[in-house]
Amino acid sequence: MSLELEIVRSVPRNADAIGVPVATEGAVPRSLGMSRAALAANGFEGKAGQTLVLPSAAGPAHIALGIGKAGELSVNVLRNAAAAFVRAAGARANLATSLADLEGVEARAAAQAVTEGVILANYRYVGLKNDKTGSSVKSLALLVGAPRAAAARTGADRGVVIADAVCVARELINTPPAYLTARKLADAAVAMAATVGLGVEVFNRDQLAAMGCGGIVGVNAGSTEPPRMVRLTYTPKNPTGHVVLVGKGVTYDSGGISLKPNDASHALMKMDMSGAAAVLATMSTLKALKCKAAVTGYLMCTDNMPSGSALKLGDVLTMRNGKTVEIHNTDAEGRLILADGLSLAAESKPDAIVDIATLTGAVIAALGEKMAGVVGNNQAWVDQVRAAGARADEPTWQLPLAREYRKLLDSNVADMRNIGGPYAGTITSSLFLDEFTAAVPWAHIDMSGTMKVDGNDGWLAKGATAYGTRLLIDLVTNFSPLK
Ligand code: BES
Ligand code: ZN
Ligand code: MN
């Protein structure tokens, strides 16, 4: 466990900082020893995310935690208030707060959100620094009245499972490309599967070629590192349905022969396996969370490199489902590897498929860095994905699967080409993916914009976000088969 978590009735003796929730209106808790006017004079109004540290010479510091309007309290506000608590607490190691026992949000959900906020804001990537001083919080005590203690415990336990999984994904995504090759990513998945009790199969290059997975084999052609496909399976007794998750696992995207320009964004392309990391992290939680649906996860792992053996423009690949693709840009590689993953997913005739990928720069132009694009072939399924994103505070916005643009993918020599025109790149990439879904309900999450943050922001810690992990966990654990 990343953090010692206790449900308590009074502040533990070792507490270094006590978080005290304060709304914008109403009484100020007496434990702060400050009037509303005195707080306001120090710039603290109780707005969501605001903090004010009140040190004490003898005992623990009290930290006022803004939670906004009491009537508008939500799990998303609490998660961020908990994150703000961690940041305001600085080097203090042992935190206590009553955030998990507030009116308006049920104790279980509140405890989960607060636990998530603390663990996620406390995360830092220090893997390759000699100075490993990073995260400072060691313990969190949630102050809860006896009647709600059991519910809070359940919620906090779920919060630990989920937030730890997100941190595992962030760690993988932040890892430099030489340290996280496709083989290493597959090794991490195998180790994870053994720890949490998932089924796992790993497919190497020859196996993928024999299976007809021309997309992933083709993208890998220029590399000295072999590809890997990982299939993870979670099968509960009497499953309520079957969902397949497919993640883009490009461990480094140079663009291939269509080499990317030499700018700062190039170094971010170690994060092009964010989708696969989110799928792996999601799968790792399902047994602990007692997910009722069966879930299969595909991690499509390779890098995308230029070399004498690399994929060339004008080459034609035959994908797992038999469709042929003429390559017009080797930097549109994500859709090629997803095509094989989606084909395999559809073959198993699941109730629904989701893929998640850092697929297009176009989605950043369209939606910016604060929400992912969602496109799908089934509105009810897209709605479930978007609702999960809203609950997880991983926002999404839907773009249309506009069939009128399908002709932009027409090829003179193959069934389609791998890029459309200069506009609507997220839509044309989705139309490409749709060719491999065999009409199974499917939603595509394009998370290029949300894959990283440049600085700490609420529960997001600078660097990789592992966006989609909590969305997917929420989605599959609340899955209801579509009519
Ligand atoms: N991995 C990139 C997309 C990306 C860009 C993710 C920036 C995160 C930040 C993807 O493989 C890519 O290169 N897409 C191309 C597609 C184009 C060639 C049709 C793009 O968006 O430019
Ligand atoms: Zn890419
Ligand atoms: Mn690319």
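## Manganese site

In this predicted model, the manganese ion (ligand 3) takes its protein donors from Asp253 (OD), Asp331 (O), Asp331 (OD) and Glu333 (OE), at 2.0 to 2.2 Å. Donors are N, O and S atoms within 2.8 Å of the metal (3.2 Å for Na, K and Ca), and sites may look incomplete because water is not among the atoms. The arrangement is irregular because the 6 donor atoms subtend angles of 70 to 166 degrees. Six donors count as octahedral if opposite donors are over 155 degrees apart and all others between 65 and 115, and a site that meets no set of criteria is irregular.

Along the chain, the donor residues of the manganese ion (ligand 3) are spaced D-x77-D-x1-E. Distant parts of the chain are linked here: aspartate 253 belongs to strand 9, and glutamate 333 to the loop between strand 12 and helix 9, 80 residues apart. Helices (H or I, at least four residues) and strands (E, at least two) are DSSP runs, numbered from the N terminus.

## Zinc site and the shared aspartate

Lys248 (NZ), Asp253 (OD), Asp272 (OD) and Glu333 (OE) are the protein donors of the zinc ion (ligand 2), lying 2.0 to 2.4 Å from it. This site is octahedral, with angles of 77 to 170 degrees among its 6 donor atoms. The donor spacing is K-x4-D-x18-D-x60-E. Aspartate 272, in the loop between strand 9 (242-253) and helix 8 (274-285), and glutamate 333, in the loop between strand 12 (324-326) and helix 9 (334-347), are 61 residues apart.

Aspartate 253 bridges the zinc ion (ligand 2) and the manganese ion (ligand 3), which lie 3.2 Å apart. Its relative accessible area is 3%, so aspartate 253 is buried. Aspartate 272, at 2% relative accessibility, also counts as buried, as does glutamate 333 at 1%. Buried means under 20% relative accessible area (1.4 Å probe, protein chains only).

## Packing of helices 2 and 3

Helix 2 (residues 75-89) and helix 3 (residues 107-122) have axes that come within 7 Å and cross at roughly 40 degrees. The two helices are therefore oblique to each other; the term covers angles from 35 to 65 and from 115 to 145 degrees. Residues in contact (heavy atoms within 4.5 Å) include Leu78, Ala82 and Val86 of helix 2 and Ala110, Ala113 and Val114 of helix 3.

## Basis of the values

Residues are numbered from 1 along each chain as its sequence is written, while chains are lettered from A and ligands numbered from 1 in the order in which they are written. Local features need pLDDT of at least 70, side-chain atom pairs count only at pLDDT 80 or more, and totals for chains, interfaces and linings use all residues, while side-chain values use heavy atoms, with hydrogens and water left out.

Methods. Tetrahedral: all angles 85-135°; square planar, octahedral: opposite > 155°, others 65-115°. Buried < 20%, exposed > 50% of the residue type's maximum accessible area, 1.4 Å probe, protein only. Axes fitted to C-alpha atoms, helices over the stretch in contact; angles between N-to-C directions.
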